[in-house]
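Got your viewer open? Let's take a walk through this model, one selection at a time.

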2 protein chains.
Amino acid sequence: MLAVKIAGVGCYLPARRVTNADLESAWSLEPGWIERVAGVYERRYATSETTVSMAAAASRAALAMAGIDVAAVEAIVGASTAPQQAIPCTAALVQRELMAPDGASACFDINATCLSFLFALQHASHLIAAGVYRTVLIFSSELGSRSLNPQEPESAVLFGDAAAAVVVTRAAQNEPSAVGPALFRTYSSGAELTTVAGGGTLHAPNDPTTTPEMNLFHMDGPGVFKRAVRVVTPF
Amino acid sequence: MLAVKIAGVGCYLPARRVTNADLESAWSLEPGWIERVAGVYERRYATSETTVSMAAAASRAALAMAGIDVAAVEAIVGASTAPQQAIPCTAALVQRELMAPDGASACFDINATCLSFLFALQHASHLIAAGVYRTVLIFSSELGSRSLNPQEPESAVLFGDAAAAVVVTRAAQNEPSAVGPALFRTYSSGAELTTVAGGGTLHAPNDPTTTPEMNLFHMDGPGVFKRAVRVVTPF
(Lines give C-alpha, C1' and ligand atoms only; values in the text may rest on other atoms or scores of the structure.)
Protein backbone atom coordinates (compact mmCIF):
# COMPACT_ATOMS: atom_id res chain seq x y z
CA MET A 1 0.00 0.00 0.00
CA LEU A 2 1.22 3.48 -0.89
CA ALA A 3 0.67 6.36 1.53
CA VAL A 4 -1.01 8.46 -1.11
CA LYS A 5 -4.45 10.09 -1.24
CA ILE A 6 -6.85 11.74 -3.60
CA ALA A 7 -7.03 15.16 -1.97
CA GLY A 8 -9.66 16.60 -4.28
CA VAL A 9 -11.94 15.67 -7.15
CA GLY A 10 -13.69 17.84 -9.70
CA CYS A 11 -15.71 17.48 -12.84
CA TYR A 12 -17.13 19.53 -15.68
CA LEU A 13 -20.29 18.82 -17.65
CA PRO A 14 -21.23 20.81 -20.76
CA ALA A 15 -24.60 22.54 -20.43
CA ARG A 16 -26.08 21.01 -23.56
CA ARG A 17 -28.21 17.98 -22.74
CA VAL A 18 -28.90 15.54 -25.55
CA THR A 19 -31.78 13.22 -24.80
CA ASN A 20 -32.51 9.82 -26.26
CA ALA A 21 -35.47 11.37 -28.08
CA ASP A 22 -33.09 13.85 -29.73
CA LEU A 23 -30.85 11.07 -31.04
CA GLU A 24 -33.68 8.73 -31.96
CA SER A 25 -35.15 11.50 -34.07
CA ALA A 26 -31.84 12.57 -35.64
CA TRP A 27 -30.63 9.06 -36.40
CA SER A 28 -34.02 7.49 -37.31
CA LEU A 29 -34.05 5.07 -34.39
CA GLU A 30 -37.22 3.53 -32.95
CA PRO A 31 -38.44 5.57 -29.93
CA GLY A 32 -37.31 3.90 -26.71
CA TRP A 33 -34.61 1.84 -28.43
CA ILE A 34 -31.64 3.58 -26.78
CA GLU A 35 -32.85 3.18 -23.20
CA ARG A 36 -33.83 -0.42 -23.82
CA VAL A 37 -30.55 -1.39 -25.49
CA ALA A 38 -28.03 0.81 -23.68
CA GLY A 39 -29.67 1.86 -20.41
CA VAL A 40 -28.61 5.44 -21.06
CA TYR A 41 -31.10 8.30 -20.49
CA GLU A 42 -29.18 11.31 -21.75
CA ARG A 43 -25.70 12.60 -22.36
CA ARG A 44 -24.02 16.01 -22.66
CA TYR A 45 -22.43 17.36 -25.84
CA ALA A 46 -19.93 20.20 -25.78
CA THR A 47 -20.72 23.35 -27.75
CA SER A 48 -17.88 25.88 -27.47
CA GLU A 49 -15.93 23.79 -24.95
CA THR A 50 -12.61 22.24 -25.87
CA THR A 51 -10.73 19.27 -24.40
CA VAL A 52 -8.47 21.78 -22.65
CA SER A 53 -11.20 24.12 -21.38
CA MET A 54 -13.15 21.21 -19.88
CA ALA A 55 -10.00 19.73 -18.35
CA ALA A 56 -9.13 23.08 -16.80
CA ALA A 57 -12.62 23.54 -15.36
CA ALA A 58 -12.54 20.09 -13.75
CA SER A 59 -8.99 20.73 -12.51
CA ARG A 60 -9.95 24.03 -10.89
CA ALA A 61 -12.76 22.26 -9.03
CA ALA A 62 -10.43 19.49 -7.85
CA LEU A 63 -7.80 21.99 -6.68
CA ALA A 64 -10.47 24.01 -4.85
CA MET A 65 -11.74 20.91 -3.05
CA ALA A 66 -8.17 19.97 -2.11
CA GLY A 67 -7.45 23.52 -0.96
CA ILE A 68 -4.27 23.45 -3.04
CA ASP A 69 -3.06 26.35 -5.14
CA VAL A 70 -2.25 25.57 -8.76
CA ALA A 71 1.28 26.88 -8.15
CA ALA A 72 1.90 23.90 -5.84
CA VAL A 73 1.14 21.33 -8.54
CA GLU A 74 4.39 19.57 -9.56
CA ALA A 75 3.03 17.33 -12.32
CA ILE A 76 0.03 17.62 -14.63
CA VAL A 77 -1.05 14.38 -16.25
CA GLY A 78 -3.42 14.18 -19.20
CA ALA A 79 -5.29 10.86 -19.10
CA SER A 80 -7.79 11.21 -21.92
CA THR A 81 -8.60 9.00 -24.89
CA ALA A 82 -7.93 11.78 -27.39
CA PRO A 83 -5.58 14.77 -27.24
CA GLN A 84 -6.56 18.31 -28.09
CA GLN A 85 -3.94 18.38 -30.83
CA ALA A 86 -1.06 16.17 -31.93
CA ILE A 87 1.68 18.45 -30.51
CA PRO A 88 2.15 19.49 -27.74
CA CYS A 89 0.61 17.09 -25.21
CA THR A 90 -2.72 18.09 -23.69
CA ALA A 91 -1.25 18.41 -20.19
CA ALA A 92 1.04 21.22 -21.35
CA LEU A 93 -1.93 23.08 -22.80
CA VAL A 94 -3.82 22.63 -19.53
CA GLN A 95 -0.87 24.03 -17.56
CA ARG A 96 -1.19 27.19 -19.63
CA GLU A 97 -4.99 27.29 -19.44
CA LEU A 98 -4.83 27.02 -15.63
CA MET A 99 -2.31 29.89 -15.58
CA ALA A 100 -0.03 27.60 -13.58
CA PRO A 101 3.44 29.11 -13.21
CA ASP A 102 5.62 28.44 -16.25
CA GLY A 103 8.09 25.69 -15.42
CA ALA A 104 6.57 24.78 -12.05
CA SER A 105 5.25 21.41 -13.20
CA ALA A 106 6.14 18.52 -15.49
CA CYS A 107 3.41 17.85 -18.06
CA PHE A 108 2.74 14.61 -19.92
CA ASP A 109 -0.12 12.48 -21.20
CA ILE A 110 -0.74 8.79 -20.53
CA ASN A 111 -2.90 6.94 -23.02
CA ALA A 112 -4.47 3.54 -22.60
CA THR A 113 -7.83 4.56 -24.07
CA CYS A 114 -10.54 3.96 -21.41
CA LEU A 115 -7.97 2.90 -18.81
CA SER A 116 -5.86 6.04 -19.13
CA PHE A 117 -6.95 7.44 -15.77
CA LEU A 118 -6.21 4.22 -13.89
CA PHE A 119 -2.70 3.95 -15.34
CA ALA A 120 -2.15 7.64 -14.56
CA LEU A 121 -3.27 7.15 -10.96
CA GLN A 122 -0.93 4.17 -10.57
CA HIS A 123 2.02 6.11 -11.99
CA ALA A 124 1.27 9.25 -9.98
CA SER A 125 0.94 7.23 -6.78
CA HIS A 126 4.28 5.51 -7.23
CA LEU A 127 6.05 8.73 -8.22
CA ILE A 128 4.63 10.50 -5.15
CA ALA A 129 5.52 7.58 -2.88
CA ALA A 130 9.08 7.67 -4.27
CA GLY A 131 9.36 11.40 -3.56
CA VAL A 132 9.52 12.51 -7.19
CA TYR A 133 6.44 14.75 -6.88
CA ARG A 134 4.44 16.02 -3.91
CA THR A 135 1.27 17.07 -5.73
CA VAL A 136 0.00 15.65 -9.01
CA LEU A 137 -3.04 16.80 -10.98
CA ILE A 138 -4.63 14.18 -13.25
CA PHE A 139 -7.43 14.98 -15.67
CA SER A 140 -9.52 13.01 -18.14
CA SER A 141 -11.32 15.18 -20.67
CA GLU A 142 -13.34 13.55 -23.41
CA LEU A 143 -15.03 14.95 -26.49
CA GLY A 144 -16.45 11.64 -27.63
CA SER A 145 -19.25 13.37 -29.49
CA ARG A 146 -16.75 14.49 -32.14
CA SER A 147 -16.12 10.94 -33.39
CA LEU A 148 -19.48 9.20 -33.14
CA ASN A 149 -20.65 7.11 -36.06
CA PRO A 150 -24.46 7.35 -36.50
CA GLN A 151 -24.18 4.31 -38.78
CA GLU A 152 -23.19 2.36 -35.65
CA PRO A 153 -25.88 3.58 -33.20
CA GLU A 154 -25.17 0.84 -30.64
CA SER A 155 -21.89 2.57 -29.78
CA ALA A 156 -22.78 6.12 -30.83
CA VAL A 157 -25.58 6.43 -28.26
CA LEU A 158 -23.23 5.60 -25.39
CA PHE A 159 -20.84 8.52 -25.45
CA GLY A 160 -20.99 12.19 -24.60
CA ASP A 161 -18.57 14.86 -23.44
CA ALA A 162 -17.26 15.64 -19.96
CA ALA A 163 -14.11 16.03 -17.89
CA ALA A 164 -12.99 14.91 -14.45
CA ALA A 165 -9.86 15.66 -12.44
CA VAL A 166 -8.20 14.60 -9.22
CA VAL A 167 -5.42 16.00 -7.09
CA VAL A 168 -3.14 13.31 -5.68
CA THR A 169 -0.82 13.95 -2.74
CA ARG A 170 1.09 12.05 -0.11
CA ALA A 171 -1.09 10.91 2.79
CA ALA A 172 -0.01 11.71 6.33
CA GLN A 173 0.97 8.81 8.59
CA ASN A 174 -2.26 8.95 10.60
CA GLU A 175 -4.52 9.06 7.54
CA PRO A 176 -6.32 5.90 6.49
CA SER A 177 -5.99 6.76 2.78
CA ALA A 178 -3.80 4.55 0.64
CA VAL A 179 -3.49 3.34 -2.89
CA GLY A 180 -3.36 -0.43 -3.16
CA PRO A 181 -1.69 -2.59 -5.76
CA ALA A 182 -2.99 -2.54 -9.32
CA LEU A 183 -2.72 -5.18 -12.02
CA PHE A 184 -3.18 -4.30 -15.70
CA ARG A 185 -3.16 -6.79 -18.55
CA THR A 186 -3.63 -6.01 -22.23
CA TYR A 187 -5.24 -8.57 -24.54
CA SER A 188 -4.25 -7.25 -27.94
CA SER A 189 -5.89 -10.13 -29.80
CA GLY A 190 -8.98 -7.93 -29.35
CA ALA A 191 -7.34 -4.82 -30.78
CA GLU A 192 -9.80 -4.67 -33.69
CA LEU A 193 -12.86 -4.77 -31.41
CA THR A 194 -12.61 -1.12 -30.36
CA THR A 195 -10.90 1.29 -32.73
CA VAL A 196 -10.50 4.69 -34.23
CA ALA A 197 -8.38 3.73 -37.23
CA GLY A 198 -7.50 7.34 -38.12
CA GLY A 199 -5.93 10.11 -36.10
CA GLY A 200 -2.41 8.68 -36.28
CA THR A 201 0.30 7.80 -38.75
CA LEU A 202 -1.43 4.83 -40.42
CA HIS A 203 -4.44 6.70 -41.79
CA ALA A 204 -3.18 10.23 -41.31
CA PRO A 205 -5.57 13.17 -41.77
CA ASN A 206 -3.81 14.38 -44.93
CA ASP A 207 -3.52 10.90 -46.50
CA PRO A 208 -5.86 10.87 -49.53
CA THR A 209 -6.78 7.25 -48.79
CA THR A 210 -8.09 8.14 -45.31
CA THR A 211 -11.89 8.06 -45.34
CA PRO A 212 -14.11 10.03 -42.94
CA GLU A 213 -15.34 6.71 -41.48
CA MET A 214 -11.80 5.87 -40.37
CA ASN A 215 -11.91 8.85 -38.03
CA LEU A 216 -15.02 7.60 -36.26
CA PHE A 217 -15.31 5.36 -33.22
CA HIS A 218 -16.00 1.70 -33.89
CA MET A 219 -16.82 -0.89 -31.25
CA ASP A 220 -17.97 -4.46 -31.68
CA GLY A 221 -19.90 -4.43 -28.41
CA PRO A 222 -20.94 -8.10 -28.36
CA GLY A 223 -17.38 -9.08 -29.31
CA VAL A 224 -15.93 -7.03 -26.46
CA PHE A 225 -18.45 -8.48 -24.02
CA LYS A 226 -17.70 -12.09 -24.98
CA ARG A 227 -13.95 -11.50 -24.77
CA ALA A 228 -14.24 -9.69 -21.46
CA VAL A 229 -16.31 -12.45 -19.85
CA ARG A 230 -13.74 -15.05 -20.87
CA VAL A 231 -10.78 -12.97 -19.67
CA VAL A 232 -12.14 -11.36 -16.53
CA THR A 233 -13.21 -14.53 -14.75
CA PRO A 234 -9.71 -16.03 -14.40
CA PHE A 235 -8.22 -12.53 -13.95
CA MET B 1 19.41 6.01 -7.30
CA LEU B 2 17.21 3.17 -8.49
CA ALA B 3 18.68 -0.31 -8.97
CA VAL B 4 17.45 -0.52 -12.53
CA LYS B 5 19.28 -1.12 -15.78
CA ILE B 6 18.83 -0.93 -19.52
CA ALA B 7 19.37 -4.59 -20.37
CA GLY B 8 19.14 -4.20 -24.14
CA VAL B 9 18.81 -1.57 -26.85
CA GLY B 10 17.66 -1.88 -30.44
CA CYS B 11 16.83 0.30 -33.36
CA TYR B 12 15.29 0.17 -36.81
CA LEU B 13 16.13 2.37 -39.78
CA PRO B 14 14.11 2.31 -43.01
CA ALA B 15 16.20 1.39 -46.04
CA ARG B 16 15.24 4.46 -48.05
CA ARG B 17 17.91 7.17 -47.76
CA VAL B 18 16.88 10.72 -48.59
CA THR B 19 19.83 12.99 -49.21
CA ASN B 20 20.01 16.74 -48.93
CA ALA B 21 20.32 16.89 -52.72
CA ASP B 22 17.01 14.98 -53.01
CA LEU B 23 15.21 17.51 -50.81
CA GLU B 24 16.94 20.57 -52.23
CA SER B 25 15.78 19.46 -55.66
CA ALA B 26 12.23 18.53 -54.60
CA TRP B 27 11.68 21.65 -52.51
CA SER B 28 13.59 24.16 -54.69
CA LEU B 29 16.24 24.91 -52.09
CA GLU B 30 19.69 26.25 -52.90
CA PRO B 31 22.22 23.38 -53.18
CA GLY B 32 24.13 23.07 -49.89
CA TRP B 33 21.56 25.07 -47.90
CA ILE B 34 20.43 22.15 -45.71
CA GLU B 35 23.87 21.10 -44.53
CA ARG B 36 24.87 24.74 -43.91
CA VAL B 37 21.72 25.61 -41.96
CA ALA B 38 20.87 22.33 -40.23
CA GLY B 39 24.08 20.28 -40.18
CA VAL B 40 22.13 17.26 -41.41
CA TYR B 41 23.56 15.08 -44.21
CA GLU B 42 20.72 12.63 -44.88
CA ARG B 43 17.69 11.06 -43.27
CA ARG B 44 15.62 7.91 -43.80
CA TYR B 45 12.00 7.88 -44.92
CA ALA B 46 9.75 4.87 -44.42
CA THR B 47 8.18 3.24 -47.46
CA SER B 48 5.95 0.31 -46.46
CA GLU B 49 6.94 0.52 -42.77
CA THR B 50 4.40 1.56 -40.15
CA THR B 51 4.85 3.03 -36.67
CA VAL B 52 4.06 -0.43 -35.28
CA SER B 53 6.28 -2.45 -37.64
CA MET B 54 9.28 -0.20 -36.93
CA ALA B 55 8.60 -0.32 -33.19
CA ALA B 56 8.42 -4.12 -33.29
CA ALA B 57 11.66 -4.42 -35.26
CA ALA B 58 13.51 -2.21 -32.77
CA SER B 59 11.91 -4.09 -29.88
CA ARG B 60 13.00 -7.49 -31.22
CA ALA B 61 16.58 -6.21 -31.46
CA ALA B 62 16.47 -4.87 -27.89
CA LEU B 63 15.02 -8.14 -26.54
CA ALA B 64 17.66 -10.14 -28.42
CA MET B 65 20.47 -8.03 -26.97
CA ALA B 66 18.99 -8.41 -23.49
CA GLY B 67 18.56 -12.15 -24.03
CA ILE B 68 14.97 -11.82 -22.79
CA ASP B 69 12.03 -13.62 -24.36
CA VAL B 70 9.08 -11.45 -25.30
CA ALA B 71 6.91 -13.64 -23.06
CA ALA B 72 8.78 -12.28 -20.03
CA VAL B 73 7.90 -8.63 -20.79
CA GLU B 74 5.41 -7.37 -18.20
CA ALA B 75 4.82 -3.87 -19.58
CA ILE B 76 5.09 -2.40 -23.07
CA VAL B 77 5.35 1.37 -23.20
CA GLY B 78 4.84 3.43 -26.33
CA ALA B 79 6.88 6.62 -26.11
CA SER B 80 6.44 8.18 -29.53
CA THR B 81 5.33 11.61 -30.64
CA ALA B 82 2.47 10.25 -32.75
CA PRO B 83 0.39 7.09 -32.37
CA GLN B 84 -0.34 4.63 -35.15
CA GLN B 85 -4.06 5.27 -34.75
CA ALA B 86 -6.27 7.06 -32.24
CA ILE B 87 -7.58 3.85 -30.58
CA PRO B 88 -6.12 1.57 -29.26
CA CYS B 89 -2.77 2.80 -27.94
CA THR B 90 0.32 1.96 -30.00
CA ALA B 91 1.79 -0.23 -27.26
CA ALA B 92 -1.18 -2.61 -27.51
CA LEU B 93 -0.65 -2.91 -31.27
CA VAL B 94 3.04 -3.61 -30.71
CA GLN B 95 2.19 -6.36 -28.20
CA ARG B 96 0.24 -8.06 -30.98
CA GLU B 97 2.88 -7.42 -33.65
CA LEU B 98 5.55 -8.99 -31.41
CA MET B 99 3.29 -12.00 -30.89
CA ALA B 100 3.72 -11.46 -27.16
CA PRO B 101 1.35 -13.68 -25.19
CA ASP B 102 -2.12 -12.17 -24.90
CA GLY B 103 -2.57 -10.73 -21.42
CA ALA B 104 1.05 -11.18 -20.33
CA SER B 105 1.82 -7.45 -20.33
CA ALA B 106 0.24 -4.10 -19.55
CA CYS B 107 0.33 -1.75 -22.55
CA PHE B 108 0.15 2.04 -22.50
CA ASP B 109 1.59 5.09 -24.24
CA ILE B 110 3.28 8.08 -22.64
CA ASN B 111 3.33 11.30 -24.63
CA ALA B 112 5.42 14.36 -23.97
CA THR B 113 6.37 14.89 -27.62
CA CYS B 114 10.19 14.77 -27.90
CA LEU B 115 10.59 13.92 -24.21
CA SER B 116 8.27 10.90 -24.31
CA PHE B 117 11.11 8.40 -23.97
CA LEU B 118 12.66 10.14 -20.98
CA PHE B 119 9.35 10.28 -19.10
CA ALA B 120 8.73 6.62 -20.00
CA LEU B 121 12.18 5.62 -18.69
CA GLN B 122 11.54 7.51 -15.45
CA HIS B 123 8.16 5.85 -14.96
CA ALA B 124 9.41 2.38 -15.88
CA SER B 125 12.37 2.73 -13.53
CA HIS B 126 10.20 3.68 -10.57
CA LEU B 127 7.62 0.98 -11.31
CA ILE B 128 10.37 -1.65 -11.53
CA ALA B 129 12.04 -0.37 -8.36
CA ALA B 130 8.67 -0.58 -6.59
CA GLY B 131 8.19 -4.16 -7.73
CA VAL B 132 5.23 -3.49 -10.02
CA TYR B 133 7.01 -4.88 -13.10
CA ARG B 134 10.20 -6.92 -13.56
CA THR B 135 10.76 -6.31 -17.28
CA VAL B 136 9.56 -3.28 -19.24
CA LEU B 137 9.92 -2.71 -22.98
CA ILE B 138 9.90 0.93 -24.11
CA PHE B 139 9.86 1.97 -27.75
CA SER B 140 9.90 5.26 -29.64
CA SER B 141 8.81 4.95 -33.26
CA GLU B 142 8.53 8.06 -35.37
CA LEU B 143 7.14 8.64 -38.85
CA GLY B 144 8.00 12.32 -38.92
CA SER B 145 8.15 12.29 -42.73
CA ARG B 146 4.35 12.03 -42.83
CA SER B 147 3.80 15.51 -41.40
CA LEU B 148 6.59 17.61 -42.86
CA ASN B 149 5.73 21.02 -44.26
CA PRO B 150 7.88 21.84 -47.34
CA GLN B 151 6.74 25.45 -46.93
CA GLU B 152 8.76 25.46 -43.70
CA PRO B 153 12.01 23.87 -44.91
CA GLU B 154 13.99 24.90 -41.81
CA SER B 155 12.04 22.30 -39.80
CA ALA B 156 11.11 19.91 -42.62
CA VAL B 157 14.74 19.08 -43.42
CA LEU B 158 15.42 17.96 -39.85
CA PHE B 159 13.14 14.97 -39.51
CA GLY B 160 13.06 11.44 -40.85
CA ASP B 161 11.70 8.08 -39.75
CA ALA B 162 13.15 5.50 -37.34
CA ALA B 163 12.47 3.56 -34.19
CA ALA B 164 14.42 2.67 -31.07
CA ALA B 165 13.62 0.44 -28.11
CA VAL B 166 15.06 -0.49 -24.75
CA VAL B 167 14.44 -3.29 -22.28
CA VAL B 168 14.53 -2.13 -18.66
CA THR B 169 14.96 -4.54 -15.77
CA ARG B 170 15.99 -4.53 -12.14
CA ALA B 171 19.78 -4.41 -11.66
CA ALA B 172 21.41 -6.95 -9.41
CA GLN B 173 23.02 -5.73 -6.19
CA ASN B 174 26.56 -6.08 -7.52
CA GLU B 175 25.85 -4.26 -10.79
CA PRO B 176 26.96 -0.67 -11.14
CA SER B 177 23.92 0.21 -13.25
CA ALA B 178 21.41 2.61 -11.78
CA VAL B 179 18.92 5.24 -12.86
CA GLY B 180 19.46 8.56 -11.19
CA PRO B 181 16.97 11.27 -10.34
CA ALA B 182 15.26 13.16 -13.16
CA LEU B 183 13.72 16.61 -13.17
CA PHE B 184 11.21 17.65 -15.82
CA ARG B 185 9.68 21.09 -16.14
CA THR B 186 7.21 22.22 -18.78
CA TYR B 187 7.17 25.84 -19.97
CA SER B 188 3.79 26.05 -21.64
CA SER B 189 4.18 29.75 -22.47
CA GLY B 190 6.07 28.33 -25.44
CA ALA B 191 3.28 25.96 -26.46
CA GLU B 192 2.80 27.70 -29.82
CA LEU B 193 6.47 27.41 -30.77
CA THR B 194 6.26 23.72 -31.72
CA THR B 195 2.91 22.36 -32.84
CA VAL B 196 0.83 20.05 -34.91
CA ALA B 197 -2.51 21.80 -34.52
CA GLY B 198 -4.52 18.94 -36.01
CA GLY B 199 -4.73 15.28 -35.11
CA GLY B 200 -6.87 15.80 -32.02
CA THR B 201 -10.25 17.13 -30.96
CA LEU B 202 -9.65 20.82 -31.71
CA HIS B 203 -9.05 20.51 -35.46
CA ALA B 204 -10.30 16.96 -35.93
CA PRO B 205 -9.67 15.17 -39.23
CA ASN B 206 -13.37 15.21 -40.17
CA ASP B 207 -13.92 18.85 -39.18
CA PRO B 208 -14.54 20.79 -42.43
CA THR B 209 -12.62 23.77 -41.04
CA THR B 210 -9.45 21.68 -40.59
CA THR B 211 -6.93 22.58 -43.27
CA PRO B 212 -4.15 20.27 -44.53
CA GLU B 213 -1.59 22.73 -43.12
CA MET B 214 -2.97 22.15 -39.60
CA ASN B 215 -1.86 18.52 -39.83
CA LEU B 216 1.76 19.47 -40.55
CA PHE B 217 4.60 20.05 -38.14
CA HIS B 218 5.38 23.66 -37.29
CA MET B 219 8.38 24.85 -35.32
CA ASP B 220 9.61 28.36 -34.72
CA GLY B 221 13.22 27.24 -34.40
CA PRO B 222 14.76 30.59 -33.44
CA GLY B 223 11.92 31.10 -30.94
CA VAL B 224 12.56 27.71 -29.34
CA PHE B 225 16.29 28.40 -29.20
CA LYS B 226 15.87 31.79 -27.52
CA ARG B 227 13.43 30.36 -25.01
CA ALA B 228 15.60 27.34 -24.29
CA VAL B 229 18.71 29.42 -23.66
CA ARG B 230 16.83 31.58 -21.15
CA VAL B 231 15.28 28.60 -19.35
CA VAL B 232 18.09 26.04 -19.43
CA THR B 233 20.75 28.21 -17.81
CA PRO B 234 19.02 28.57 -14.42
CA PHE B 235 17.60 25.02 -14.74
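Start by selecting A:S116, A:F119, A:A120, A:L121, A:Q122, A:H123, A:A124, A:S125, A:H126, A:L127 and A:I128: these residues of helix α5 in chain A are buried. Keep in mind as you look around that this is a predicted model.

Now show the whole helix, residues 116-129 of chain A. Of its 14 residues, 11 are buried, so the rest of the structure largely encloses α5(A). Try a distance between the end C-alpha atoms: they are 20 Å apart, which agrees with the 20 Å that 14 residues should span at 1.5 Å a residue. Just after the helix, click on A:G131, which has a positive phi near 85°.

Next, step back to A:T113, in the loop between β5 (106-111) and α5 of chain A. Its phi is positive too, about 50°, although A:T113 is not a glycine. Most residues other than glycine have a negative phi. Is A:T113 buried or exposed? With 11% relative accessibility, A:T113 counts as buried.

For another positive phi, jump to chain B and pick B:S28, where the value is near 55°. You'll find B:S28 in the loop between α1 (20-26) and α2 (33-38) of chain B. B:S28 is exposed, at 67% relative accessible area.

Time for some rings. Over all chains, the structure holds six aromatic pairs. Select B:F119 and B:F184: the ring centres are 4.0 Å apart and the planes are at 20°, so this pair is stacked. The two come from distant parts of the chain, 65 residues apart, with B:F119 in helix α5 of chain B and B:F184 in the loop between β7 (161-170) and β8 (194-195). Both B:F119 and B:F184 are buried. Add A:F108 to your selection, and you have one aromatic cluster made of A:F108, B:F119 and B:F184.

Now pick B:F159 and B:F217, an edge-to-face pair with 5.1 Å from centre to centre and 70° between the planes. B:F159 sits in the loop between α6 (153-156) and β7 of chain B, and B:F217 in the loop between β8 and β9 (218-219), so the pair ties together parts 58 residues apart in sequence. B:F159 is partly exposed at 30% relative accessible area, while B:F217 counts as buried at 12%.

Last stop: the peptide bonds. Most peptide bonds are trans. Select A:I87 and A:P88, though, and you'll see a cis bond with omega about 0°. In chain B, the bond from B:I87 to B:P88 is cis, with omega near -5°. B:P88 is in the loop between β4 (75-78) and α4 (90-97) of chain B.

Terms used
Residues numbered from 1 in each chain as written. Chains lettered and ligands numbered in written order. Predicted model: local features only at pLDDT ≥ 70, side-chain atom pairs only at ≥ 80, totals over all residues. Heavy atoms only, no water. Phe/Tyr/Trp six-rings, centres within 6.5 Å; stacked < 30°, edge-to-face > 60°. Helix = DSSP H or I, 4+ residues; strand = E, 2+ residues; numbered from the N terminus. Buried < 20%, exposed > 50% of the residue type's maximum accessible area, 1.4 Å probe, protein only. Expected span 1.5 Å × (residues − 1).
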